[in-house]
Amino acid sequence: MSSIFAKWYDIFMKPLEKKKFKQIRKKLLANATGSVLELGSGTGVNFPYYTSAEKVTAVEPSLHMIEQSISKQKQSVIPIEVVQAVAEDLPFKADMFDTVVATLVFCTIPNPEKAILEMKRVCKPNGKILLFEHVKMENRILGTIQELLTPVWKKICDGCCLNRNTIKLLNGHDIMMTRVQKYSKDLFVLVESVNKK
């Protein structure tokens, strides 16, 4: 990931974060309890919103993003450790975390299937998996537009895939969804789920 993208990410996202995402993140992360793993923590936008966890371990592949996250790490009331790693190859033992969190990250993971398997592996049986993602829309016309835009969008936005069907991926891996809430005509989805092993 480029240092330019990391530097401008928060500025680019600020209107969305202020208007809508902040409340969604707060609601979702209030349910992150015990030992928490966050996948793709980016610039640390979630860090100030952890209130119920004992400890958060955040993984992020980009050193530039990790550097951007330091100030938010200091704002957290919960201890946060940031580890440079990819979601497809997590450096943790099996059944290590009570909760796994991913927000707006599955769109950029090169191999999302492998990331889901790793997420399940490190999450305890019946542990919580909490996601907030943008996904391929169900509307045929809008979904087709996403498909057409994705090749260009990936280049501009550092690998982000507009057409990622994350819900379908979760359904195929024994992740029991207990709550699914859609936003912006199903462009964004909040998922609370349980790790069945």
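Colleague: Which side chains meet in a salt bridge with 2.9 Å from N to O, and how should I read such a contact?

Modeller: A salt bridge is a side-chain nitrogen of Lys or Arg within 4 Å of a carboxyl oxygen of Asp or Glu, and here the side chains of Lys124 and Asp98 form one at 2.9 Å, N to O. Because Lys124 lies in strand β5 (residues 123-134) and Asp98 in strand β4, this pair ties together parts that are 26 residues apart in sequence; strands are DSSP runs of E of at least two residues, and helices runs of H or I of at least four, numbered from the N terminus. This is a predicted model, in which local features need pLDDT of at least 70 and side-chain atom pairs count only at pLDDT 80 or more, while totals for chains, interfaces and linings use all residues. Residues are numbered from 1 along each chain as its sequence is written, and side-chain values use heavy atoms, with hydrogens and water left out.

Colleague: Is Glu192, which meets Arg179 in a salt bridge, buried or exposed?

Modeller: Buried means under 20% relative accessible area, exposed over 50%, and partly exposed in between (1.4 Å probe, protein chains only). Glu192 counts as buried at 14%, whereas Arg179 is partly exposed at 27%.

Colleague: What is the phi of Leu104, and where is this residue found?

Modeller: Most residues other than glycine have a negative phi. Leu104, however, has a positive phi near 50°, and is found in the loop between β4 (97-103) and α3 (112-122), where Leu104 is buried at 12% relative accessible area.
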